[in-house]
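Reader: Hi! Could you walk me through this one?
Author: Happy to. Here it is.
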Amino acid sequence: MTPRSAHLREDNGKQPAADYVGRFAPTPSGPLHIGSLLSAVASWLDARAGSGTWLVRIDDLDTPRVDPDAESAILATLESHGLRWDGPVHRQSDNQDRHVGAISQLDARCFACGCTRRELRGHDQYPGTCRDRGLRRDGNALRVRAGLAAPEFVDRVQGYVDMSPRTVGDFIVRRRDGFASYPLAVVVDDLAIGVNNVVRGADLLDNTAEQLLLMRWLGMEAPTYAHVPVVVEASGVKLSKHNRATAIDNRWAAHNLAAVLSLLGFDPPLGQVETMLAWAVDEWNIARVPRGATVTGFFAIDR
């Protein structure tokens with residue numbers, strides 16, 4: 001998907017309408033790193049500057065990756081950095097009945113697929129191998145028949161996003177293990193807690209096409225999107241738990257906040273956490289966030 005620089009951000013970075021509900025939804029596969037903190041801070045500031053609600057949901061459906069100690073570590077990091085959430089902590093695993101209901105609504109569009117990742121290696125898009133094989137659904141993944149031009153949308157950071165050069169292929173809505181796929185679970189989970197504004201990393205920009213199609217088929221209203229750049233090392237490698245990115249040290253919360261605010265396009269005064277956050281809420285304008293997929297960041301703290 002390619003943002004068109006000729007199209008300006010429709011809202012000039014100002015906050016959406018009243019009744020803003022945003023969220024931060026980390027996977028509990030390990031502690032937060034500086035890249036995930038950047039997404040959390042951007043989401044929190046956008047909600048608070050818009051007098052909105054900010055929720056936390058733990059996206060724990062990918063059970064093989066779940067670290068039993070990660071959730072408490074993630075929440076401790078958010079609290080150490082002053083990012084207090086509204087209401088209870090939500091969990092993706094609590095919505096499995098809703099996921100099943102949504103998949104049932106899509107039943108007429110679905111077919112069973114027995115393809116492995118190895119068999120599909122080298123394909124940019126699903127080649128339709130199982131589309132007409134009539135495989136049994138038990139024990140296989142379910143794919144939804146798409147074959148549609150990717151929808152277009154306006155992103156509050158990236159601008160007008162033109163996805164029309166590509167077609168959305170048949171994508172998975174239920175995994176082989178019986179759990180909902182990420183795109184299906186996310187749209188259902190966001191609806192369940194009333195999310196209408198999504199601020200997240202630009203690495204999920206391409207995934208938005210599938211989510212928009214699912215919302216269309218399920219009769220859901222799409223949220224407003226803002227995809228902030230992800231943090232990469234000087235080599236261009238994205239900071240991620242998979243790549244064993246260094247976990248955030250909560251003892252240096254003020255320095256961590258100063259780092260991510262700088263990456264988001266602001267020049268924060270270094271001070272106490274609460275003071276810095278209050279300053280950032282007053283200064284927040286999402287139009288100042290750099291447009292693009294990545295920002296390079298490496299921060300060493302002088303101890």
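Reader: Which residue follows α2, and what is the sign of its phi?
Author: Gly82 follows α2, and its phi is positive, near 75°. Helices here are DSSP runs of H or I with at least four residues, strands are E runs of at least two, and both are numbered from the N terminus. Bear in mind that this is a predicted model, where local features need pLDDT of at least 70, side-chain atom pairs count only at pLDDT 80 or more, and totals for chains, interfaces and linings use all residues. Residues are numbered from 1 along each chain as its sequence is written, and side-chain values use heavy atoms, leaving out hydrogens and water.
Reader: Thanks! Which residues of α2 are buried?
Author: In α2, residues 70-80, the buried ones are Ala70, Glu71, Ile74, Leu75, Thr77 and Leu78. Buried means under 20% relative accessible area, exposed over 50%, and partly exposed in between, with a 1.4 Å probe and protein chains only.
Reader: And why do they line one face of the helix?
Author: Seen down the axis of α2, they fall within an arc of 160°, so they line one face. The arc is taken from the directions from the helix axis to the C-beta atoms.
Reader: What covers them?
Author: The cover includes β2 (21-24), α1 (34-49), β3 (53-58) and β4 (90-91).
Reader: New topic: how many disulfides are there?
Author: A search of the whole structure finds 0; a disulfide would need a pair of cysteine sulfur atoms within 2.5 Å.
Reader: Why is there no bond from Cys113 to Cys115?
Author: Their sulfurs are 3.7 Å apart, too far for a bond, although Cys115 holds the closest cysteine sulfur to that of Cys113. Cys113 is buried, at 1% relative accessible area.

Terms used. Contact means heavy atoms within 4.5 Å.
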